[in-house]
Amino acid sequence: MQFTSADLAAYARTVADSELPPPVREQAGRLCWDSLGCCLGARDAAPVAALRACYENHGSADEATILGTDTRVSVEYAALINGAMVRYLDYNDCYISGSSVCHPSDHIPGLLAVAEAEGRSGAALVRAIVIAYEIQAAGIDTGAIWDRGFDYVTWGSYSAAAAVGTLMGLSEQELVNAIGIAGTANNGLLISRLGAVSQWKGVAMPYAIHGAIQACQMARGGLTGPSAVIEGEAGFEATVAGQELSVEEWGGQDGAPYRIMRTNFKPYACGYFMQAPIAAVLELIDRHDIEPARIEAIEIEEFEQAVQVLASPEKFDTDLNRETADHSIPYSVAVGVLDGTVTPRQYAPDRLADPAVHALMETVSVAEAPDITARRAANPGLIPARATVSTAAGRFSTTIDYPTGHWQSPMSEAALTEKVTELVGDALGADSLAELEAWCGAAADQPHVDGLISTLAGGGA
């Protein structure tokens with residue numbers, strides 16, 4: 001089936017009016033739990049503070065809450081600020097397909113803001129989440145844009161407009177208009193996550209969602225947008241994708257699985273392609289009882305794209321900012337060996353500046369392995385890496401294809417709860433944390449989202 005704005009609008013309306021299978025509803029709840037933990041974990045991050053300073057005094061008739069506070073702002077700015085929270089730590093989920101990746105839970109805080117402003121139910125929120133995941137991941141499945149220098153957030157303009165529009169009650173034609181407006185205006189460039197990485201990396205997708213909300217507001221107000229934004233002359237296919245797009249199947253149609261079920265959780269707070277090499281090295285350290293001081297060399301072998309993004313020359317610098325460090329294989333592997341894990345704590349200023357981390361980075365090499373690249377090309381869902389640790393006692397190697405958290409190697413409920421609990425820290429008391437987990441576990445049964453918003457405030461201001 002062709003990938004057109006009319007198709008997206010029709011599909012979004014179908015899902016918005018459907019009864020989702022229980023496993024899909026449960027997965028959406030788990031992803032909310034994980035994502036909201038990431039939000040609270042980044043509540044004091046520098047980009048979040050900068051955005052609050054810009055927008056927390058912007059109010060309107062349609063307002064939503066800045067998560068973790070009781071401050072209300074215009075809904076599009078709440079989506080922008082809250083989205084920056086979920087993305088900043090690089091700890092939220094990841095969908096992978098071929099050479100492309102995306103972080104679909106970037107949508108969740110924005111959709112929550114719209115659900116709050118529009119007075120929608122938990123069931124409506126869950127359906128919107130499923131729509132957003134399906135459309136963005138379907139775009140990723142086409143294999144288009146990455147090789148032409150466009151970022152995954154480009155797909156987010158379409159997925160966010162479709163999902164937001166259903167929460168706002170747009171008609172199918174209004175959805176087409178909103179998709180046309182958002183898609184024309186927001187085409188993100190891949191430079192935001194290559195080389196020396198800036199704070200914009202974590203704001204790019206929230207900004208696209210903020211734009212999609214404005215597009216939906218305009219469409220509801222009667223503004224028309226290009227109805228053939230994808231397939232028309234000088235549209236997305238011709239100028240951005242460079243190819244005609246089609247989707248074999250949409251989740252829920254003719255028994256096809258929803259793509260949200262193939263989303264991967266992160267055990268480590270860094271780029272997804274680094275999950276396997278970190279896990280492989282830590283496995284070798286544990287299995288062979290290797291002390292960091294005994295390590296002579298750490299060799300990481302990866303597929304081509306992982307090396308391109310995560311092992312460029314800038315990633316070996318010892319003067320890294322936080323954003324570049326969480327996309328650096330040498331830094332993240334080295335600090336993981338020293339600390340036994342890779343959480344947001346490992347990217348704090350004292351760890352970034354630690355000479356011991358820098359010294360261990362000197363032992364790390366990263367190279368593309370043709371056999372790994374070939375295996376992944378044959379199976380795009382694979383996320384393989386090979387690690388070899390050398391000491392005076394010998395060389396020890398292992399290969400990991402599916403790190404913990406991958407949908408083929410699921411993260412346990414206990415591990416997910418531990419992750420969220422650590423992220424939330426002292427932002428919520430034990431009772432509020434339990435309420436948050438319970439709300440997410442029954443998200444599709446909630447009559448509205450106000451209780452969740454109150455719980456997340458945790459007494460904040």
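**Exercise 1. The lining of the largest pocket**

Task: Work out which helix gives the largest share of the lining of the largest pocket, and describe the space that this lining encloses.

Solution: In this predicted model, the element to look for is helix α18, residues 413-424, which supplies four lining residues, the largest share. The next step is the space itself, which comes to about 290 Å³ in the largest pocket. Of the 16 residues that line this pocket, those closest to its centre are Tyr 91, Pro 267, Thr 341, Met 411 and Ala 415. Sorting the lining by class then gives nine nonpolar, three polar and four charged residues.

**Exercise 2. The enclosed space**

Task: Find how many cavities of 30 Å³ or more the structure holds, and state which residues lie nearest the centre of the largest cavity.

Solution: A general point helps at the start: rolling a probe the size of a water molecule over the atoms shows where empty space is left. With the threshold of 30 Å³, the structure holds one cavity, and the largest cavity has a volume of about 150 Å³. Its lining is made up of 13 residues, and nearest the centre are Val 101, His 103, Tyr 272, Val 309 and His 327. By class, the lining of this cavity divides into eight nonpolar, three polar and two charged residues.

**Exercise 3. The overall fold**

Task: Decide how the radius of gyration of the protein stands against the globule rule for 461 residues, and set beside this the share of residues that count as buried.

Solution: Begin with the inventory of elements, which is 20 helices and eight strands. The radius of gyration is 21 Å, close to the 23 Å given by the globule rule for 461 residues, and the protein is therefore as compact as a globular protein of that length. In extent, the C-alpha trace spans about 70 × 50 × 40 Å along the principal axes. Burial comes next, and here 60% of the 461 residues count as buried. The accessible surface comes to about 16300 Å², with 50% of it belonging to carbon and sulfur atoms. Finally, among the contacts with a separation of 6 or more, 74% are between residues 24 or more positions apart.

**Exercise 4. Positive phi outside glycine**

Task: For Asp 90 and Ile 145, give the phi angle, then place each residue in the chain and judge whether it is buried or exposed.

Solution: The background is that most residues other than glycine have a negative phi. Asp 90 has a positive phi near 55°, and it sits in the loop between α4 (75-88) and β3 (95-97). Since its relative accessibility is 0%, Asp 90 counts as buried. Ile 145, which is not a glycine either, has a positive phi of about 90°, and its place is the loop between α6 (122-141) and α7 (153-167). With a relative accessible area of 4%, Ile 145 is buried.

**Exercise 5. Trp 155 and its surroundings**

Task: Locate Trp 155 and determine which residues it contacts beyond its neighbours within four places in sequence.

Solution: Trp 155 belongs to helix α7. Because its relative accessibility is 1%, it counts as buried, the cut-off being under 20%. Its contacts, with sequence neighbours within four places left aside, are Phe 3, Gln 136, Gly 139, Ile 140, Thr 142, Ala 144, Ile 145, Phe 236 and Leu 245; the list thus includes Ile 145, the residue with the positive phi in the previous exercise. Arg 294, by contrast, is 139 residues from Trp 155 along the chain, and the two C-alpha atoms are separated by 46 Å.

**Exercise 6. Glu 299 and a partner along the chain**

Task: Establish whether Glu 299 is buried, partly exposed or exposed, and how far its C-alpha atom lies from that of Ser 365.

Solution: Glu 299 is in strand β5, residues 297-302. Its relative accessible area is 25%, so it is partly exposed, the band for that label running between 20% and 50%. Glu 299 and Ser 365 are 66 residues apart along the chain, with 5.0 Å between their C-alpha atoms. Ser 365 is also one of the contacts of Glu 299 outside its sequence neighbourhood, together with Arg 386, Ala 387, Thr 388, Ser 390 and Arg 395.

Terms used:
Residues are numbered from 1 along each chain as its sequence is written. This is a predicted model: local features need pLDDT of at least 70, side-chain atom pairs count only at pLDDT 80 or more; totals for chains, interfaces and linings use all residues. Side-chain values use heavy atoms; hydrogens and water are left out. On a 1 Å grid over the protein atoms alone, a cavity is a set of points where a 1.4 Å probe fits but cannot get out, and a pocket is an open set with protein on both sides within 12 Å along at least five of seven lines; lining residues have an atom within 4 Å of a point. Grid points are joined across faces, edges and corners, and a volume is the space filled by probe spheres set on the points. Helices (H or I, at least four residues) and strands (E, at least two) are DSSP runs, numbered from the N terminus. Ala, Val, Leu, Ile, Met, Phe, Trp, Tyr, Cys and Pro count as nonpolar, Asp, Glu, Lys and Arg as charged, and the others, Gly among them, as polar. The radius of gyration is taken over C-alpha atoms; the globule rule is 2.2 Å times the number of residues to the power 0.38. Buried means under 20% relative accessible area, exposed over 50%, partly exposed in between (1.4 Å probe, protein chains only). Contact means heavy atoms within 4.5 Å. Accessible areas come from the Shrake-Rupley method with a 1.4 Å probe; for residues, only the protein chains shown count as cover.
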